[in-house]
Amino acid sequence: MKKILIIMMLALLLSGCGLQRAAKVLTSDKEAEDKTAQAEAKLEESKKELEKLQEEMDTSMEALNGDGKESGTPEEQLKYFVDVDMAEVGEMEGEIQSRIIQASEQAGEDPQELIGVLDQAIIDYDEVIQRVEAINVESEELQKAKAGALEGVNLYKESLVLYRETFDDPSKEAEMNAKAEEFEKSAAAFHNNLNELAEKYGFTFTQP
């Protein structure tokens with residue numbers, strides 16, 4: 001049972017509780033597996049915050065998605081990328097991960113329900129990847145950030161696939177752990193890049 005929780009912690013470095021309002025939060029909940037109820041409450045709160053942010057950002061950043069050309073200051077572009085694009089990605093991932101955490105906690109001696117949840121999660125993760133692919137950025141620094149996010153969600157899906165395969169072939173566990181480690185490095189690089197951009201443009205990332 002610990003295997004799935006280890007992967008969940010790695011995934012949350014990139015999503016779920018991760019990229020929220022740029023001036024407020026950039027973090028991970030390292031105890032998510034023991035705090036399902038709190039995670040769900042935070043997810044609901046983040047949904048409401050996201051709706052509010054989208055209204056604000058759509059007003060001030062309408063030109064970003066209007067004629068297909070990037071506009072606004074670099075600060076506004078970064079803020080839109082984090083507050084809107086990545087917030088939506090995080091919401092999608094958070095919902096998937098919440099289902100996996102709940103199923104893993106209830107699995108007991110019979111993993112069939114967890115296996116079913118994992119199968120669906122792998123399918124749902126294609127939508128997450130498509131959402132990242134659809135992010136519209138033109139500046140070199142945000143193209144790099146998008147590439148980092150895309151690498152991360154693809155690696156996490158690959159980790160999920162390998163975890164699912166361990167139920168049929170336990171020898172896959174070593175490969176799964178190696179993929180999880182690869183994801184961890186990718187997520188760390190992604191966050192380091194965002195931290196550098198935040199510092200460059202005067203944003204502050206704090207613990208929630």
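In this predicted model, the count of aromatic pairs comes to 3. One of these pairs joins Tyr156 and Phe183, whose ring centres are 5.8 Å apart and whose planes stand at 55°, so the pair is tilted. An angle of 55° is neither under 30 degrees, as stacking would require, nor over 60, as an edge-to-face arrangement would require. The points below follow this pair into the helices and the nonpolar core.

**The aromatic pair and its surroundings**

- Tyr156 belongs to helix H5 (residues 140–166) and Phe183 to helix H6 (residues 173–200), so the pair ties together parts that are 27 residues apart in sequence.
- Tyr156 has a relative accessible area of 1% and is buried, because buried means under 20%.
- Phe183 also counts as buried, with a relative accessibility of 1%.
- Tyr125 joins Tyr156 and Phe183 in one aromatic cluster.

**The overall fold**

- The chain contains 6 helices and 0 strands.
- Read from the N terminus, the order of elements is α-α-α-α-α-α.
- The chain has 208 residues, of which 48% count as buried.
- Among contacts in the chain with a separation of 6 or more, 75% are between residues 24 or more positions apart.

**The nonpolar core**

- In soluble globular proteins, nonpolar side chains tend to be buried together.
- The largest nonpolar core in this model has 38 residues.
- Leu78, Phe81, Ile100, Leu160 and Leu194 are the residues with the most contacts inside this core.
- Two or more residues of the core come from each of the following elements: helix H3 (74–106), helix H4 (112–133), H5 and H6.
- Leu160 touches Ile100, Leu118, Ala121, Ile122 and Tyr125, when residues up to four places away in sequence are not counted.
- Two of the names in that set appear elsewhere in this briefing: Ile100 is among the core residues with the most contacts, and Tyr125 is part of the aromatic cluster.

**How the helices pack**

- H5 and H6, the two helices that hold Tyr156 and Phe183, pack at an angle of about 160° with their axes 9 Å apart.
- H5 and H6 are therefore roughly antiparallel to each other, because angles over 145 degrees are placed in that class.
- The crossing in which H5 passes H6 is left-handed.
- H3 and H6 cross at roughly 135°, and their axes come within 10 Å.
- That angle makes H3 oblique to H6.
- On the H3 side, the contact is made by Leu78, Phe81, Val82 and Met86.
- On the H6 side, the contact is made by Phe190, Leu194, Leu197 and Ala198.
- Leu78, Phe81 and Leu194, which take part in this contact, are also among the residues with the most contacts inside the largest nonpolar core.

**Two positions in helix H4**

- Gly116 is located in helix H4 and is partly exposed, with a relative accessible area of 36%.
- Gly116 and Arg164 are 48 residues apart along the chain, and their C-alpha atoms are separated by 9.4 Å.
- Gln112 likewise has its place in helix H4.
- Gln112 counts as exposed at 52% relative accessibility, because the exposed class begins over 50%.
- Gln112 and Phe167 are 55 residues apart in sequence, while the distance from C-alpha to C-alpha is 9.5 Å.

Conventions: Residues are numbered from 1 along each chain as its sequence is written. This is a predicted model: local features need pLDDT of at least 70, side-chain atom pairs count only at pLDDT 80 or more; totals for chains, interfaces and linings use all residues. Side-chain values use heavy atoms; hydrogens and water are left out. Rings of Phe, Tyr and Trp (its six-membered ring) pair if their centres lie within 6.5 Å; planes under 30 degrees apart count as stacked, over 60 as edge-to-face and the rest as tilted. Helices (H or I, at least four residues) and strands (E, at least two) are DSSP runs, numbered from the N terminus. Buried means under 20% relative accessible area, exposed over 50%, partly exposed in between (1.4 Å probe, protein chains only). A nonpolar core is a set of buried Ala, Val, Leu, Ile, Met, Phe, Trp, Tyr and Cys residues joined through side-chain atoms within 4.5 Å. Contact means heavy atoms within 4.5 Å. Axes are lines fitted to C-alpha atoms, for helices over the stretch in contact, and angles run from 0 to 180 degrees between N-to-C directions. Angles under 35 degrees count as roughly parallel, over 145 as roughly antiparallel, 65 to 115 as roughly perpendicular and the rest as oblique. A crossing is left-handed if the near helix is turned anticlockwise from the far one by less than a right angle, and right-handed if clockwise.
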